[in-house]
Every structure is written in C-alpha cells, then in structure tokens.
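Trainee: I would like a close look at the strands in this model and at how they pair. Please take one part at a time and put it in the setting of the whole chain.

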Amino acid sequence: MTPEQLRASVLQQAMEGKLVKQKYKEKIDQSMPFKRSDLIPYKIPENWNWVILGSVASFLNGRAYKKSELLDDNKLTPVLRVGNLFTNSKWYYSDLKLDSNKYIDKGDLIYAWSASFGPRIWQGGHVIYHYHIWKVNFNKSLVDKK
C-alpha cells in the first residue's frame, strides 16, 4: 500500500467512525431526522430539524496538483488553495480541463479542512479548488447555506 493509499484508507475509516469507539449503539437511518432525544446535543428552533449531515449534503474534495500544473499565467484558470482563503495572496493558475465538480463559482459553499478550518461562501470568480478544500453540495430545499 502506498502512503497515499494508506492516507486515503485512514481518512475513509475515520469518516465512517471506525477508528474510535462509537458513542451510540443504535444505528440511525441517515435519510431521516433524529428520532431519539438522547442523540440531540442541544435545543434548536421549532422550525428546524436535526438530521445526519450526509443525508442533506455531500462534500466534494478538490484536486491535488503537481508543481508542473501550477502556472504563473494569470490568463488561465486560478487555482484556489487554502492559503488564498486566509493569508497567501500568491495565486497559481492552470490550463487543465477538469470535470465540473472540480470548479467553484461565486456563491458556492466551501469548507477548508487543512491549516485553518471552516466554512465560507466563495465570493470570488470561477476557480479550480485544491484538495484541502471541500465544495459542499446540498439539498437547497432542506438546507440554507448561510
């Protein structure tokens, strides 16, 4: 197993809760709102519902890049890296043609999961996003991204 495969395997097991003891013994149907009051950590407004995150949203991971794919030509598509969200004003660009799920646009909900963690609504233009960022797709009739 390569280091990259090991990393991916550990991440997958962590996201499935297989690396730590599970707090709850009863399996919850992920398509349904919480039904057991002991699983609800705190009260929420009456018109809200507790749900399993994976039942209303999916997290799309960006792409890792080789140095040769990160270019200085600002006429190409910008590559959004975590540093660009917080501290780094240096941008790279790419001439790659990728699947549509590897791009974000103004108004998309994204989540940085490396260095500085947290969600934000992207206010920039059309960019390719790095693998330390998730694009959050969700059911707009059930979730308000704000």
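Mentor: Start with strand β2, residues 77–80, which runs antiparallel to β3 and is joined to it by three bridges. One position to find on screen is Pro-78, which has Tyr-93 of β3 opposite it. Bear in mind throughout that this is a predicted model.

The β2–β3 pair belongs to an open sheet of four strands, in which the order is β3-β2-β7-β4 and the pairing is mixed. At the edges of this sheet lie β3 (92–94) and β4 (103–104), each of which pairs on one side only. When you look along any regular strand, expect the side chains to alternate between the two faces of the sheet.

Now turn to strand β8, residues 133–138. Five of its six residues are buried, so β8 is largely enclosed by the rest of the structure. The cut-off behind that statement is a relative accessible area under 20%.

Two strands can be traced from β8. Strand β1, residues 57–61, runs antiparallel to β8, and five bridges join the two. Within this pairing, Asn-137 of β8 lies opposite Ser-58. Strand β5, residues 109–114, is also antiparallel to β8, with three bridges between them. Here Trp-134 in β8 is the bridge partner of Tyr-111.

For the setting, count the elements: the chain has eight strands and two helices. Their order along the sequence is α-β-β-α-β-β-β-β-β-β. Of the contacts between residues at least 6 apart in sequence, 54% join residues at least 24 apart. Over the whole chain of 146 residues, 28% count as buried.

The surface deserves a look as well. Accessible surface for the chain comes to about 10700 Å², and carbon and sulfur atoms account for 53% of it. One nonpolar patch on that surface is formed by Met-1, Leu-6 and Val-10, which together have about 330 Å² of accessible area. Leu-6 sits in helix α1, which covers residues 3–15. Its relative accessible area is 47%, so Leu-6 is classed as partly exposed. A residue must have over 30% relative accessible area to be part of a patch, and the 47% of Leu-6 is the value to set against that cut-off.

To go back over the strands on screen, begin at Pro-78 and Tyr-93 for the β2–β3 pairing. Then move to Ser-58 and Asn-137, and finish at Tyr-111 and Trp-134.

Notes: Residues are numbered from 1 along each chain as its sequence is written. This is a predicted model: local features need pLDDT of at least 70, side-chain atom pairs count only at pLDDT 80 or more; totals for chains, interfaces and linings use all residues. Side-chain values use heavy atoms; hydrogens and water are left out. Patches are made of residues with over 30% relative accessible area and no salt bridge: like charges are joined within 9 Å, nonpolar side chains (Val, Leu, Ile, Met, Phe, Trp, Tyr) within 5 Å. Accessible areas come from the Shrake-Rupley method with a 1.4 Å probe; for residues, only the protein chains shown count as cover. A salt bridge is a side-chain nitrogen of Lys or Arg within 4 Å of a carboxyl oxygen of Asp or Glu. Buried means under 20% relative accessible area, exposed over 50%, partly exposed in between (1.4 Å probe, protein chains only). Two strands pair if DSSP finds at least two bridges between them. Contact means heavy atoms within 4.5 Å.
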